[in-house]
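Hello,

Here is the structure we talked about. Please open it first, then read my notes below.

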Amino acid sequence: FPGIAKLLRKYNRSSCIIDCSFGKIITSEDQPGLAHALKGKDPLEMLHRFPNYDYLPVGESTSDSVELIKSREFTKLIEELARHYDYLFLISRTPIDSLESEALLKLSTQAIIVAESSLESLKSTLTEPHVTFVQIET
């Protein structure tokens, strides 16, 4: 997504990449972040700023990711960030058929799914018109 953000910056569009991978192993680079913003911290103070985009790390790991994504706090946070950026990229490393991915897709107006495996089974499962599939060669 940094490549897409770089292209958008050429057209004077701002973007923020939000890491929603609540199940990953957290490092010091991941903190503070999204999980802390959902508890009331200012998300703008936690951003990692790069030349072409800003990045909000996940913050902390939790097994309650679906509940967090479906929460009113998450929706309010996305609305707040949308006032500052032209594009928000919600990224997750969870399987596409997970409840977490389903919750993120429901929040999205456009979705790009990047997969290392065959996309045929995914295409038959996800029929939402706002989903675009991209397969990467390994």
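**Cysteines first**

Cysteine 20 is buried, with a relative accessible area of 0%. Keep in mind throughout that this is a predicted model.

Is cysteine 20 in a disulfide, or in no disulfide? It is in no disulfide, and the nearest cysteine sulfur, that of cysteine 16, lies 9.9 Å away. A disulfide needs the two sulfur atoms within 2.5 Å. Cysteine 16 is likewise in no disulfide, with the sulfur of cysteine 20 as its nearest at 9.9 Å. Searching the whole structure gives zero disulfides. Cysteine 16 is buried too, at a relative accessible area of 0%.

What does cysteine 20 touch? Leaving aside residues up to four places away in sequence, its contacts are Leu34, Val58, Phe74, Leu90, Ile91, Ser92, Glu100 and Leu104.

**The cores**

Cysteine 20 also belongs to the largest nonpolar core, which has 20 residues. The members that touch the most other members are Ile18, Cys20, Phe22, Leu34, Leu56 and Phe74. Four elements give two or more residues each to this core: S1, H2, H5 and helix H4 (72-82). H4 supplies the largest share, with four residues. There is also a second, separate core of seven residues. Among its members are Ala5, Leu8, Ile17 and Phe89. As background, nonpolar side chains tend to be buried together in soluble globular proteins.

**Strand S1**

Look next at strand S1, residues 15-19. It is mostly covered, with five of its five residues buried. Ser15, Ile17 and Asp19 point one way from the strand. Cys16 and Ile18 point the other way.

Which strands pair with S1? One is strand S4 (residues 87-91), which runs parallel to S1 and is joined to it by five bridges. In that pairing, cysteine 16 stands opposite leucine 88. Another is strand S3 (residues 54-56), also parallel, over three bridges. There, isoleucine 18 stands opposite leucine 56. Both isoleucine 18 and leucine 56 are listed above among the best-connected members of the largest core, those touching the most other members.

**Salt bridges**

How many salt bridges are there? The count comes to three.

Start with arginine 93 and aspartate 19. Their closest N and O atoms are 3.2 Å apart. Arginine 93 sits in the loop between S4 and helix H5 (99-107), and aspartate 19 in strand S1, so this pair ties together parts that are 74 residues apart in sequence. The two partners sit in opposite settings. Arginine 93 is exposed, with a relative accessible area of 56%. Aspartate 19 is buried, at 0%.

Next come glutamate 60 and lysine 39. Here the closest N and O atoms are 2.7 Å apart. This pair also links distant parts of the chain, 21 residues apart. Glutamate 60 is in the loop between S3 and helix H3 (65-70). Lysine 39 is in the loop between helix H2 (34-37) and strand S2 (48-49). Glutamate 60 counts as partly exposed, at 25% relative accessibility. Lysine 39 is exposed, with a relative accessible area of 60%.

Then there are arginine 49 and aspartate 54. Their side chains meet at 2.7 Å, N to O. Arginine 49 is exposed, with a relative accessible area of 54%. Aspartate 54 counts as buried, at 9% relative accessibility.

**One aromatic pair**

The structure holds one aromatic pair. Why is it called stacked? The rings of phenylalanine 50 and tyrosine 53 have their planes at 25 degrees, so the pair is stacked. Planes under 30 degrees apart count that way. The ring centres are 5.0 Å apart. Phenylalanine 50 counts as partly exposed, at 38% relative accessibility. Tyrosine 53 counts as buried, at 15%.

**Where to look**

If time is short, begin at cysteine 20, which is buried and in no disulfide. Then follow S1 across to S4 and S3. Finish with the salt bridge from arginine 93 to aspartate 19.

Best wishes

Note on methods. Residues are numbered from 1 along each chain as its sequence is written. This is a predicted model: local features need pLDDT of at least 70, side-chain atom pairs count only at pLDDT 80 or more; totals for chains, interfaces and linings use all residues. Side-chain values use heavy atoms; hydrogens and water are left out. Buried means under 20% relative accessible area, exposed over 50%, partly exposed in between (1.4 Å probe, protein chains only). Two strands pair if DSSP finds at least two bridges between them. A salt bridge is a side-chain nitrogen of Lys or Arg within 4 Å of a carboxyl oxygen of Asp or Glu. Rings of Phe, Tyr and Trp (its six-membered ring) pair if their centres lie within 6.5 Å; planes under 30 degrees apart count as stacked, over 60 as edge-to-face and the rest as tilted. A nonpolar core is a set of buried Ala, Val, Leu, Ile, Met, Phe, Trp, Tyr and Cys residues joined through side-chain atoms within 4.5 Å. Contact means heavy atoms within 4.5 Å.
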